[in-house]
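I opened a new page for this structure. My plan is to look up a few local features and write down what I find.

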Amino acid sequence: MLLLAFLNTVTSNQHSAATLRMGDQKQEASETKHFPWHLGAFDAHCHPTDTVPSLDSIAGMKTRALTIMATRGQDQRLVADFADKLGITEDTVPALESTSTSGEKSRGYIVPAFGWHPWFSHQIFVGAKDEMPSKFNHYRMAISPSPEDDDFIASLPDPRPLSDLLDQTRHYLERYPHAIVGEIGLDRAFRIPRNEMVDNGYERDPALTPGGREGRRLSPYRVDMRHQQNIMKAQLNLAGEMQRAVSVHGVAAHGVVFETLEETWRGHERRSISKRERKRRESIDVAHQEKKKSEADEQSSKPGDPKPFPPRICLHSYSGPADTLRQYLHPSVPAIMFFSFSRLVNFSSTSNKAVAAIQAVPDDKILAESDMHAAGEKMDDLLEDIVRKICQIKGWTLEEGLKQLRSNWLHYVFGQTRER
Ligand SMILES: [Zn+2]
């Protein structure tokens, strides 16, 4: 029922209405049909380490693999510990692609992601240990507006040098060859929480990993945008150097997320051939020219060589307008772009924008995620829900959708060579 109401909201758009009508039969089927978990469902972005006791339930989950994000000081080790137990290895990769019905309750695997989230980026000093300013001077520079309130600054953790964070991330990426970088990004809406709780009766949940928002009152302070960009860029460069995919958070900052990513690939843009050039080539020795070009391309950008930009980028819980997708999908963009959608972020209130974005994302560039802070049944349900929605909007059967989403996730995490 909810889904029908949701579909009705898009009928104002003629184009979408037509597209949806075409897939009506498939939609009806995918709404009521048993969910074929055995085909493999993959969560492209989630935070089970926010609730440590829930980690025990990962092995029994229906979702085939979880891409687990680290965000702050308190969770990098937790993600690593879990990668030790359930991390994907060369031996387990074939099990990711199994579609046998007997494996309906196949074991859950995880792909760890290491990175520093923009909500905690003020805790990082952009520089090396021996250049560290005083705690007060650091936070006055990293926070906007610059806090006059010394008590507020005193309540924040001691800042940590960026060089230290990058060393730690590099160490984890070396230790886990399938690990990716995340969660990183930019957030213009976020305000730094104070230590005081919103209401005095709030009781801390001992299951939650410290450092998150919980019930804390928000301060009027934000992390300076230039500062956020510096932290994001350093991590993008590291992902490029190590040739790992990244998971990117962007809230109220769509323009500046693109600019920051673009800065990392400036000078590395893919050359696209104009129509005139294509015609000219058709009339001359095309084979020879093409061969020369592809040789040059291969030399200038071998996949796997360190670069300043990541090879694959996922904009998680993509909340930008469909129009903004165009700049990312431009042929000159040298990174492979993916767009992931979640029930929690993209379909919480108004969903028209998400419907339009899902329609506009190319079939092979879409991913599904739960973005959930605890592993278990609820996480499976959220993933099932968003997969069903994506299938409806795209006019796919559940079988077609799961197959496509699996191939997209494998491409995103492992790169071209793993694409099936
Ligand atoms: Zn997240």
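The entries below cover confidence, the zinc ion, unusual backbone geometry and two helix pairs.

**Entry 1: confidence**

I noted at the start that this is a predicted model. I looked up the confidence for the whole chain and found a mean pLDDT of 85, with 81% of the residues at 70 or more. I then looked for weak stretches. Residues 1-23 have a pLDDT below 50, and this stretch has 27 contacts in the model beyond near neighbours in sequence. Residues 296-300 also have a pLDDT below 50; for this stretch I found 2 contacts beyond near neighbours in sequence.

**Entry 2: the zinc ion**

Which protein atoms are the donors of the zinc ion? I found NE2 of H45, NE2 of H47 and OE of E183, lying 2.1 to 2.2 Å from the ion. I wrote the spacing of these donor residues in sequence as H-x1-H-x135-E. I also checked where H47 and E183 sit. H47 is in the loop between β1 (42-46) and β2 (65-69), while E183 is in strand β7, which covers residues 180-187. The two are 136 residues apart, so I recorded the pair as a link between distant parts of the chain.

**Entry 3: backbone geometry**

I kept in mind that most residues other than glycine have a negative phi, and that most peptide bonds are trans. I then listed exceptions.

- I found a cis peptide bond between G182 and E183, with omega about 5°. E183 is also the zinc donor from strand β7 that I noted above.
- The peptide bond from S144 to P145 is cis as well, and I read its omega as near -10°. I located P145 in the loop between β5 (143-144) and α7 (150-155).
- Q243 is not a glycine, yet I found a positive phi of about 55° for it. Q243 lies in the loop between α9 and β11 (246-251).

**Entry 4: α9 and α10**

I used the usual description here: two packed helices are described by the angle between their axes and the distance between the axes. Helix α9 spans residues 225-242 and helix α10 spans residues 254-265. I noted an angle of about 40° and a distance of 10 Å between their axes. That angle makes α9 oblique to α10. The crossing of α9 past α10 is right-handed.

Which residues make the contact? From α9 I listed M225, R226, Q229, M232, K233, L236 and N237. From α10 I listed V256, V257, T260, L261, E263 and T264. Sorted by class, the contact of α9 with α10 has 6 nonpolar, 4 polar and 3 charged residues.

**Entry 5: α15 and α16**

My last look was at helix α15 (residues 352-360) and helix α16 (residues 377-394). Their axes come within 9 Å and cross at roughly 65°. I therefore put α15 and α16 down as roughly perpendicular to each other. α15 passes α16 in a right-handed crossing.

The α15 side of the contact consists of V355, I358 and Q359, and the α16 side of I390, I393 and K394. I counted the classes in this contact as 4 nonpolar, 1 polar and 1 charged.

Technical notes. Residues are numbered from 1 along each chain as its sequence is written. This is a predicted model: local features need pLDDT of at least 70, side-chain atom pairs count only at pLDDT 80 or more; totals for chains, interfaces and linings use all residues. Side-chain values use heavy atoms; hydrogens and water are left out. Axes are lines fitted to C-alpha atoms, for helices over the stretch in contact, and angles run from 0 to 180 degrees between N-to-C directions. Helices (H or I, at least four residues) and strands (E, at least two) are DSSP runs, numbered from the N terminus. Angles under 35 degrees count as roughly parallel, over 145 as roughly antiparallel, 65 to 115 as roughly perpendicular and the rest as oblique. A crossing is left-handed if the near helix is turned anticlockwise from the far one by less than a right angle, and right-handed if clockwise. Contact means heavy atoms within 4.5 Å. Ala, Val, Leu, Ile, Met, Phe, Trp, Tyr, Cys and Pro count as nonpolar, Asp, Glu, Lys and Arg as charged, and the others, Gly among them, as polar. pLDDT is the predictor's confidence in each residue, from 0 to 100. Donors are N, O and S atoms within 2.8 Å of the metal (3.2 Å for Na, K and Ca); water is not among the atoms, so sites may look incomplete.
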